[in-house]
2 protein chains.
Amino acid sequence: MSATMRDVARLAGVSVKTVSNVVNDFPYVSERTRARVLAAIAELGYRMNFSARNLSLGRTGMLALAVPELRLPYFAELADAVIAAAAERGYTVLIEQTGGVRERELAVLTSDRRRMTDGLIFSPIGLRAADGAQLDVDYPMVLLGERALHAGVPHVAMANAEAARAVAGHLLSVGRRRIAVVGSSDEPGPSAGSLRTRGLLDTLAAAGVTHDPALVGEALEWTRAAGAAAMRQVLDRGVEFDAVFGLNDVLALGAMRVLYERGLRVPQDVAVAGFDDIEDGRFSRPSLTTVEPGKAEIAGSAVALLVEHLTTTGPGPGASVVAGFRLHVRESTAG
Amino acid sequence: MSATMRDVARLAGVSVKTVSNVVNDFPYVSERTRARVLAAIAELGYRMNFSARNLSLGRTGMLALAVPELRLPYFAELADAVIAAAAERGYTVLIEQTGGVRERELAVLTSDRRRMTDGLIFSPIGLRAADGAQLDVDYPMVLLGERALHAGVPHVAMANAEAARAVAGHLLSVGRRRIAVVGSSDEPGPSAGSLRTRGLLDTLAAAGVTHDPALVGEALEWTRAAGAAAMRQVLDRGVEFDAVFGLNDVLALGAMRVLYERGLRVPQDVAVAGFDDIEDGRFSRPSLTTVEPGKAEIAGSAVALLVEHLTTTGPGPGASVVAGFRLHVRESTAG
DNA sequence: TTGTAGGCGTTATCAA
DNA sequence: TTGATAACGCCTACAA
């Protein structure tokens, strides 16, 4: 059995409370006793029991982060950023994978595991507007995504539509007019995909360019394989196009792979742009034009909102943050 | 305040212990009382307090997984596999990032956070043989990596040398003789990199092919950027080569990017092979020949060994598992 | 500046 | 089959 505070107290000849004071860096502990206690701690190899502390404190010091899948580069990078932001504030992150599936996303909200944490940073993609009520939970939560999903829950969004308009503007500026969209889904509502699509279409419309619905490729999930399938779908329709907007980077990379297989040159025949600025796109052939959606800012704001929520009493005001973005033009759309 | 067992007990007109029995699916609870208790639980919206249970049980039901970085695809995929394997046995995984830096790896072994978990699955890459003693910890641990790091700690290895020999054999079979190595480091000892390198060199030697030391490119970390830098290092030496063995996939992908920038064709001028079988390599241009090192088996074995360690008394026998591998030949070495 | 008493919510022991 | 009671190890009063 490992040593407890009581053991340390006994060895140091002080009370448990004093040991606690030393361990928690409380003021008002004389140097002499502090030294004695520290010596005893070292001698016994004492380590705090967190279960006991958590029980006593009524908190765990852990935050849950629920994302679709860790193996999707965007979420791996996001998780990394959240872990870093949480660490700065003394919190540990427990990662939860939902697969982007509605049922599993709903399950996260009420799971036992959730109760091991003080709050939740939730990035849902399968939930529909009708599920909004389920987000009315009795613990601190911050949403990553669109406000429309449920007012009243603080959330951090990215500038999906605006960034997509920037992408569209860029594609227009390099002379592209027939722009295929890879990765859209039938789901209605303000998903990242529909907002990005809308941003693109709005810009095209504003430029007087009509968009052919046959240029839209569907993807149920946002993976390379799904991007490849969506690209094939569009190609097999035999419609012409001179650019592809992948609703995120892995979709775009999957699409580029298919373009390569079909003998189409990027960017000469088809320009390709993505969204997320994952590391892969900086080393792909060709390198991928994309939008960096402010991952660090998103992570930082989410943790800040959540911790604020945690340390103040009562529910917050349902704050809202929109992270800044940046367009990175690379080889896949050059010229 | 949320409801406690005491509240449930009161409402159901039973004792706390009975509530506990119901919640934990103990036998010897009459259907009548069970029903009453469940009704009370539903009415009060009772949820178990894990801090209290953990304190009482002396365990947390969490396993720590320490890896270099989640944004490295191999570790994201490994983490995913470990989470799945742990879930099957009712455990939750707490991910710890070390950056692959020795100091942080040592810190993980004694960190406070580690004490929130029942055991550790540890994938060190910065530790040296001399740090072996530090691995003598008083809690259950399973190492991912080479046994030589510390006998006595159960570990799960991949067939680094054997798989590398398979890669070398394949490169030889497609007529390559001057094979550059991307990603080696000066660190002595049985690291994955040195084992893979040795496997390659052994096979070359056995085939009567002498290896030019100028063909080795160094990389301090295993990232695309480092792979690119290592490839440039070799190219800038002006030595000729007809193949590249990236000690892992991201290194190989970084190298491929540089070959492309320098106008070298893959596989016509240079064949490229990697290690890990990350998803990126299946969609890269060209797709990447690689070794699938048995990630699922590694994760499954690690969790199994750890949980076994956890549930039996005393330290285990220092078991050892070597996962099977599989060579995937793709475009980057075709012909 | 330090000590004592009581409680945090669960589980284990042992009677009943 | 169920209940009372004592841990589990720490923290927050309140006292000294």
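In this predicted model, the helix α4(B) gives the most to the surface near DNA strand C, contributing 4 residues. Both protein chains take part in that surface, since α2 (16–23) and α4 (50–57) of chain A, together with α2 (16–23) and α4 (50–57) of chain B, each supply at least two of its residues. The points below describe the make-up of this surface, some individual contacts with the strand, and the domains of chain A.

**The surface around the strand**
- Of the 24 residues around DNA strand C, the ones that come nearest are Thr18 and Thr33 of chain A along with Ser20, Tyr46 and Ser56 of chain B.
- By residue type, the surface near DNA strand C divides into 10 nonpolar, 10 polar and 4 charged residues.
- On the side of the nucleic acid, 71% of the atoms of DNA strand C within 4 Å of the protein belong to sugar or phosphate, while the rest belong to bases.

**Individual contacts**
- Thr18(A), which is among the nearest residues, has a side-chain N or O atom 2.6 Å from a phosphate oxygen of DNA strand C.
- In chain B, the backbone of Asn49(B) places an N or O atom 3.1 Å from a phosphate oxygen of DNA strand C.
- A base is approached by Ser56(A), where a polar side-chain atom lies 3.4 Å from a base nitrogen of DNA strand C.

**Domains of chain A**
- The domain assignment of chain A gives domain 1 (5–48), domain 2, which is made of two segments (60–158 + 295–324), and domain 3 (160–292).
- Between domain 1 of chain A and domain 2 of chain A, the C-alpha centres are 38 Å apart.

How values were computed:
Residues numbered from 1 in each chain as written. Chains lettered and ligands numbered in written order. Predicted model: local features only at pLDDT ≥ 70, side-chain atom pairs only at ≥ 80, totals over all residues. Heavy atoms only, no water. Domains from an automatic or database assignment. Near = heavy atom within 4 Å. Polar contact = N/O pair within 3.5 Å; in protein donor to acceptor, adjacent residues only side chain to side chain. Nonpolar A, V, L, I, M, F, W, Y, C, P; charged D, E, K, R; others polar.
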